[in-house]
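This report describes selected residues and one helix pair in the structure shown here. Please read it with the sequence and the model at hand.

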Amino acid sequence: MDCCAHEGPGGGDARFDIKKVADGVYAAVASPAYKVNCNTAIIENADGVMIVDTHSKPSAAEVIIERLREMTKKPVRYVVNTHFHWDHWHGNEAYPAAYPDAEIVSNNITREAMLKKGLKRIQDHVRQVPGEIAKLKADIQASSPAQRGKLETDLRLAESYLAEVRALKPALPTIAFEKTMKLYRRDREIQLLHLGRAHTEGDVFVYLPKEKVVITGDAMIGWTPYMGDGYPEDWAGTLDNLAQLDFTHIIMGHGDVTGREWLNTFRSYVHDMVEAVRHEAATGATLDEVKQRVTAKLAPRYEKPFSTYGEYRPWRTGLAANIERTFGMVS
Ligand SMILES: [Zn+2]
């Protein structure tokens, strides 16, 4: 299927819907992809552009760079990474390649996590993706004609991802700050904040006070949060700190641009999940029992709002993982 040349250099699954959020502030909302891409925020300042997060591979970042060149002649000066997960920084190298003066910025905790965990995980991908490819090939052999097209597309995407991850030249932050960094551009103020632990130990929030926009990385997303490197017990408190800021628009790590209503729902989910797991764990229930009971308890309120992306990221699977992570921490 050779239908995707218009999608950019990866010829693959990196597709973005660019939405204006405020004057000079855009969200590039990523479409669901075989290898998930994060959203990017684009902040155009008088003297250059700031980008927040760079997706799972350089070719995806190159799709954004192509779009940027249609939007402005200004160079990218800053690339911010909200956290150390692969789908938010593996595309970093594309920016200094296209804009030699671009600085990559994050906090010290996130830079350290990239060094200590992120680099190792790149090697894990290099080792694991060939197994994924072998499985896809076997699945294609066993598939019905109706299933085959999708599996063949996935195989092509897995092969091109493997080639990219093997060739990756990880571009770590060139500027690391301690707690807060503020940029006072001629036309706007940009705050890079650490509000507490949530999705990772070092989550960076980008806040534009004048425009009332906040960019959250994966501390908030449009589906069930991933907690594998997270701090479920701290998470709701960190979101309470976020709620103290004055903003109307939220650009999340994944999913569409949203507002305070989703912050409330998302925060309540995290809080209620943790409380329910704590309660059940205290009764001496096993992990399986806790999963069953907490799912039954939360489903009436949360299954629908967390199912906007349907089978792409099913709520019950995400919830089971959240319960497991939390159970390990509270029991
Ligand atoms: Zn993440």
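Two residues are in contact when heavy atoms of theirs lie within 4.5 Å. The model is predicted, so local features need pLDDT of at least 70 and side-chain atom pairs count only at pLDDT 80 or more, while totals for chains, interfaces and linings use all residues. Residues are numbered from 1 along each chain as its sequence is written, and side-chain values use heavy atoms, with hydrogens and water left out. Helices (H or I, at least four residues) and strands (E, at least two) are DSSP runs numbered from the N terminus.

**Helix α7**

M273 is located in helix α7. Leaving aside neighbours within four places in sequence, M273 contacts M227, P232, L298, L319, N322, I323 and T326. Its relative accessible area is 0%, so M273 is buried; buried means under 20%, exposed over 50%, and partly exposed in between, for a 1.4 Å probe and protein chains only. The C-alpha atoms of M273 and G328 are 14 Å apart, with these positions 55 residues apart along the chain.

S268 also belongs to helix α7, which covers residues 260–282. S268 is buried because its relative accessible area is 15%. Not counting residues up to four places away in sequence, S268 touches R301 and Y302.

**Helices α8 and α9**

How is the packing of two helices described? The angle between their axes and the distance between the axes are given. Helix α8 (residues 287–302) packs against helix α9 (residues 315–330) at an angle of about 130 degrees, and their axes are 10 Å apart. The angle makes α8 oblique to α9. Axes are lines fitted to C-alpha atoms, for helices over the stretch in contact, and angles run from 0 to 180 degrees between N-to-C directions. Angles under 35 degrees count as roughly parallel, over 145 as roughly antiparallel, 65 to 115 as roughly perpendicular, and the rest as oblique.

On the α8 side, the contact is made by L287, V290, K291, V294, T295, L298, A299 and Y302; on the α9 side, by W315, R316, L319, A320, I323, E324 and F327. By class, this contact has 11 nonpolar, 1 polar and 3 charged residues. Here Ala, Val, Leu, Ile, Met, Phe, Trp, Tyr, Cys and Pro count as nonpolar, Asp, Glu, Lys and Arg as charged, and the others, Gly among them, as polar.

Within α8, the buried residues are V290, V294, T295, L298, A299 and Y302, and they pack against α7 and α9. α8 bends by about 30 degrees at A296, and the proline P300 follows within four residues. The bend at a residue is the angle between axes fitted to the seven residues ending there and the seven starting there.

**Strand β6**

E103 is in strand β6, residues 103–107. E103 is partly exposed, with a relative accessible area of 29%. Not counting residues up to four places away in sequence, E103 touches R77, Y78, V79, T174 and I175. The C-alpha atoms of E103 and Y207, 104 residues apart along the chain, are separated by 19 Å.

**Positive phi in loops**

Most residues other than glycine have a negative phi. Two exceptions are tabulated.

| Residue | Phi | Loop | Relative accessible area |
|---|---|---|---|
| H55 | about 75 degrees | between β4 (48–52) and α1 (58–71) | 0%, buried |
| K212 | near 60 degrees | between β10 (205–208) and β11 (213–215) | 31%, partly exposed |
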